[in-house]
Amino acid sequence: TGRDPVADVDTIRRELEAYLPEFAGRPQVAIANKIDVVTDTADVERLEAHLEALGIPVWRTSAASGAGLDALLEALWVRVQVQ
């Protein structure tokens with residue numbers, strides 16, 4: 001699509017901090033969806049490295065095929081229980 005996912009995430013995080021500062025400090029997770037149609041994983045790997053450096057865990061999923069959704073739901077459930 002010509003978009004840079006790392007730049008997109010950084011933009012979203014800056015906007016969140018600017019408009020909803022009370023949410024900016026809350027725990028975050030990231031979901032890389034449509035992973036079943038990705039042919040070049042370089043952008044996904046770069047995004048994962050960027051987010052993990054920020055302490056934000058990333059899950060690869062496909063809503064269409066259901067891949068990764070069970071692991072995502074389990075991880076989210078654990079995070080919610082801890083909060």
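Select arginine 46 and aspartate 43 first: these two residues form a salt bridge in which the closest N and O atoms are 3.6 Å apart, where a salt bridge is a side-chain nitrogen of Lys or Arg within 4 Å of a carboxyl oxygen of Asp or Glu. Side chains of opposite charge can pair when their charged atoms come close. Because arginine 46 and aspartate 43 are 3 residues apart in helix α3, they are separated by about one helical turn. Helices (H or I, at least four residues) and strands (E, at least two) are DSSP runs, numbered from the N terminus.

Before going on, keep in mind that this is a predicted model, in which local features need pLDDT of at least 70 and side-chain atom pairs count only at pLDDT 80 or more, while totals for chains, interfaces and linings use all residues. Residues are numbered from 1 along each chain as its sequence is written, and side-chain values use heavy atoms, with hydrogens and water left out.

Now colour the two partners by accessibility, where buried means under 20% relative accessible area, exposed over 50%, and partly exposed in between (1.4 Å probe, protein chains only). Aspartate 43 counts as partly exposed because its relative accessibility is 38%, and arginine 46, with a relative accessible area of 38%, is partly exposed as well.

Keep arginine 46 selected and add aspartate 4, which lies in the segment before α1. Arginine 46 forms a salt bridge with aspartate 4 too, the closest N and O atoms being 2.5 Å apart. This pair links distant parts of the chain, since arginine 46 sits in helix α3 and aspartate 4 in the segment before α1, 42 residues apart. Is aspartate 4 buried or partly exposed? Its relative accessibility is 30%, so aspartate 4 counts as partly exposed. With Asp4, Asp43 and Arg46 shown together, you have a network linked by salt bridges.

From here, show helix α1 (residues 5-19) beside helix α3 (residues 42-53), which pack at an angle of about 35° with their axes 9 Å apart. Here the axes are lines fitted to C-alpha atoms, for helices over the stretch in contact, and angles run from 0 to 180 degrees between N-to-C directions. On the α1 side, select Pro5, Val6, Val9 and Asp10, and on the α3 side Asp43, Arg46, Leu47, His50 and Leu51, which together make the contact, contact meaning heavy atoms within 4.5 Å. The residues of this contact divide into 5 nonpolar, 1 polar and 3 charged.

Next, move along α3 to glutamate 48, which forms a salt bridge with arginine 60, the closest N and O atoms being 2.8 Å apart. This pair also links distant parts of the chain, with glutamate 48 in helix α3 and arginine 60 in strand β2, 12 residues apart. Glutamate 48 is buried, with a relative accessible area of 15%, whereas arginine 60, at 32% relative accessibility, counts as partly exposed. Across the protein, the count comes to 4 salt bridges.

Then select threonine 61, found in the loop between β2 (58-60) and α4 (69-82). Why does threonine 61 count as buried? Threonine 61 counts as buried because its relative accessible area is 1%. Leaving aside residues up to four places away in sequence, threonine 61 touches Ile31, Ala32, Asn33, Lys34, Ile35, Ala67, Gly68, Leu69 and Leu72, so it is worth displaying these side chains around it.For a view of the surface, select Tyr19, Leu20 and Phe23, which form a nonpolar patch with about 330 Å² of accessible area together. Leucine 20 lies in the loop between α1 and α2 (21-24), and, at 34% relative accessibility, leucine 20 counts as partly exposed.

Finally, zoom out to the whole chain, whose secondary structure comes to 4 helices and 2 strands, following the pattern α-α-β-α-β-α when read along the sequence. The C-alpha trace spans about 35 × 35 × 20 Å along its principal axes, and 19% of the 83 residues count as buried.

Note on methods
Nonpolar A, V, L, I, M, F, W, Y, C, P; charged D, E, K, R; others polar. Patch = residues over 30% accessible without salt bridge, like charges linked within 9 Å, V, L, I, M, F, W, Y side chains within 5 Å. Areas by Shrake-Rupley, 256 points an atom, 1.4 Å probe, with all protein chains shown as cover.
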